[in-house]
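Work through the exercises below with the sequence and the coordinates open beside you. Each task is followed by a solution that proceeds step by step.

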Amino acid sequence: MNIPLDDFQQQPLTWFYRETNRRTEPGHIATGFAAFDRLLPGGGWPQGGLTELHHAQPGPGELRLLMPALARLSRQGRWIAFIAPPYALHAPALASFGVDLAHVLLVHPKSPADALSAVEQGLRSGTCGAVIAWPRHVDDAVLQRLQQAAAAGGSLGVLFRDLASQDLPSPASLRLQLALDSGSITVRLAGNRMIGAELVLDLGWQGDLAPAVAAKAGSGPAAAVP
């Protein structure tokens, strides 16, 4: 079942994306964290390719790393598709990060196979700016298809996977290891020319998201994704 989030009441936009990295290469989208962009090959998230985010256990905190890019993509008129998220997504919190809820799609497939099919279709469609999924089991053949689908659709494909899978071969354009710790996240690159590079980001600052309301009226920071 597909559920657009435009039924939710949209709250006033509290945070907005501010471009800070002018060196992001074509085929990539800036992450919204300038130091992170400088670390990544291409200067941002690869569009038209898969990104694997390896973590110890599913948790919504890691989604904050994607929020600046998702906000920007959603306002370009393309869908942001979440395929079978393992926890509830809080619509007002997404809106507070600048994500256009009218372009957010939740997909709840009946089976893991249906979920992978939905990911592939979303990536290949050309209508999705980003497709985000949490597959439990995915083999190299499936990853190859997803990588090709992302390239065909020019979409940012993001797979949240467990830590054990980072030791397996993968055709993904970018592979990262994440560790969340009370408001900060440690990001380690692997599987590319910058293997072993590591960066700690303060998620309390929300990267290069600027507090628009605070700038105007001195209000506090936005709610985090729960």
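The exercises concern a predicted model, and they go from the whole chain to its cores and then to one loop residue.

**Exercise 1.** Describe the overall make-up of the protein, namely its secondary structure, its burial and its contacts.

Solution. Begin with the secondary structure, which comprises six helices and 13 strands. Next consider burial: of the 226 residues in the protein, 52% are buried, while the surface that the protein exposes amounts to about 10200 Å², with carbon and sulfur atoms supplying 53% of it. Finally, take the contacts between residues at least 6 apart in sequence, of which 71% join residues at least 24 apart.

**Exercise 2.** Identify the residues with the most contacts inside the largest nonpolar core, and state which element gives the largest share of this core.

Solution. The largest nonpolar core holds 41 residues, and those with the most contacts inside it are Phe36, Trp45, Phe82 and Leu176. Helix H2 (residues 67-74) contributes the largest share of this core, with five residues. A second, separate core has 21 residues, including Ile83, Val107, Leu143 and Leu146. Returning to Phe36, and leaving aside residues up to four places away in sequence, one finds that Phe36 touches Thr31, Trp45, Leu65, Leu176, Val187, Leu199 and Leu201.

**Exercise 3.** Locate Phe97 in the chain, and decide whether Phe97 is buried or exposed.

Solution. Phe97 belongs to the loop between helix H3 (91-96) and strand S7 (104-107). Because its relative accessible area is 1%, and buried means under 20%, Phe97 counts as buried. As a last step, compare sequence with space: Phe97 and Ala71 are 26 residues apart in sequence, and their C-alpha atoms are 6.8 Å apart.

Terms used:
Residues are numbered from 1 along each chain as its sequence is written. This is a predicted model: local features need pLDDT of at least 70, side-chain atom pairs count only at pLDDT 80 or more; totals for chains, interfaces and linings use all residues. Side-chain values use heavy atoms; hydrogens and water are left out. A nonpolar core is a set of buried Ala, Val, Leu, Ile, Met, Phe, Trp, Tyr and Cys residues joined through side-chain atoms within 4.5 Å. Buried means under 20% relative accessible area, exposed over 50%, partly exposed in between (1.4 Å probe, protein chains only). Helices (H or I, at least four residues) and strands (E, at least two) are DSSP runs, numbered from the N terminus. Contact means heavy atoms within 4.5 Å. Accessible areas come from the Shrake-Rupley method with a 1.4 Å probe; for residues, only the protein chains shown count as cover.
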